[in-house]
Amino acid sequence: MKKNDKDRSEVVAPELTYPAGEMPYQTIAPIIDSTNVIFTNEEKEHWAAELIIANKEMAFQNVEKEKRAAELVIANKELAFQNIEKEKRAQELIVANAELKKAQNDIRKLNEELEQKVLLRTAQLESVNKDLESFSYSVSHDLRAPIRAINGYTKILKEDYEEILDEAGINVLQSIIDNSKKMGTLIDDLLAFSKLGRKQVTVSDINMDELVQSVKDELINEVSDCIPEFKIAPLITAQGDRSLIKQVWINLISNAIKYSRYKNQILIEIGAFEKDKHVVYYVKDYGAGFDMQYYDKLFGVFQRLHSQEEFEGTGIGLAIVQKVVHRHYGKVWAESKLNEGTTFYFSLPNNNI
């Protein structure tokens, strides 16, 4: 190694602490001046090129820094804007929560007022119903004796004076007897309906197979013309008041027989099935049926869907059925087609499920 080469290596050595091409000229110049090192033109050009590259890189980095700085300014502004929006939203949420709380309090107060009104109206309605039931019971009971007296005395009059009365007089007496009998039946039904509201429901297990069989036997004995044919499926045991449920079966089965009287053959199907924690019983006939557009009148008191001339009755039987079933927390409904028949359903809670 030549002496100059050794000197230059000693001088140039500090540049090794900088990345290639990044030693600033200000650093190199004092070193050169202090050692009086003489570089060749090729070396100078090399250093000059590196300095140009370093300056360009530095300028590029400065531009990038300015871009980043500008981006940071924008980001800070966006962040500040978002913070303001968040504060606005927070204020809006506070207002909304306050309004919601106020609305909830208002609804709670309204519900409390409504519950009080419902309780008050329910108590008033129960009181009115009790008064109405008492009135119906008293009127029916008081009318019962006079009507029977009219019927009885008219029969006596007819029997004792039939020979001296003409045909018109006898017809008048017979008309009084017939109408007083109808009035007596109506009063009996009205009394039975009124008693339902007074009767205490005594719940026990009911063997429906046995109960329906006894009702069927009783009703068949009352039929003189066409004896009905029964198809009775095994029935599910239920809980209820036996005497009241028996009245339901009597009313439904007797209706099925009555409204099938003009058919050549009377067929009545009885069965049961379980649905929605209830036992559903049904009585199906293939008799006169009714138009479903009048369904809303079906269970009304004194409401009838057939004329008295076609089928006798007072229009209370189905009202009694509905009242009994409702007192057992069940439902009653029907499906029918005119001249094709009717199926009545009633449900009772199945406590065994």
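**Aromatic contacts and a nonpolar surface patch**

Phe299 is buried, as is Phe344. These assignments, like those that follow, refer to a predicted model. For Phe299 the relative accessibility is 9%, which places this residue in the buried class because that class lies under 20% relative accessible area.

The two phenylalanines also contact each other through their rings. The ring centres of Phe299 and Phe344 are 6.3 Å apart and the planes meet at 85 degrees, so the pair is classed as edge-to-face. This pair joins distant parts of the chain, since Phe299 belongs to the loop between strand S5 (278-285) and helix H7 (317-327), whereas Phe344 belongs to strand S7 (residues 341-349), with the two positions 45 residues apart in numbering.

In total, the structure contains eight aromatic pairs. One of them is formed by Tyr295 and Phe299, an edge-to-face arrangement with 6.2 Å from centre to centre and 80 degrees between the planes. Tyr295 is partly exposed, with a relative accessibility of 25%, whereas Phe299 is buried. Elsewhere, ring pairs connect Phe273, Tyr282, Trp333 and Tyr345 into a cluster.

An aromatic ring is also involved in a contact with a charged side chain. Arg261 is positioned over the face of Tyr262, at 6.0 Å from the ring centre.

On the surface, Leu132, Phe135, Val139 and Leu143 make up a nonpolar patch of about 360 Å². Of these residues, Val139 is located in helix H3 (residues 41-161). The relative accessible area of Val139 is 31%, and the residue is therefore partly exposed.

Definitions and conventions: Residues numbered from 1 in each chain as written. Predicted model: local features only at pLDDT ≥ 70, side-chain atom pairs only at ≥ 80, totals over all residues. Heavy atoms only, no water. Phe/Tyr/Trp six-rings, centres within 6.5 Å; stacked < 30°, edge-to-face > 60°. Buried < 20%, exposed > 50% of the residue type's maximum accessible area, 1.4 Å probe, protein only. Helix = DSSP H or I, 4+ residues; strand = E, 2+ residues; numbered from the N terminus. Lys NZ or Arg CZ within 6 Å of the ring centre and 35° of its normal. Patch = residues over 30% accessible without salt bridge, like charges linked within 9 Å, V, L, I, M, F, W, Y side chains within 5 Å. Areas by Shrake-Rupley, 256 points an atom, 1.4 Å probe, with all protein chains shown as cover. Salt bridge = Lys/Arg side-chain N within 4 Å of Asp/Glu carboxyl O.
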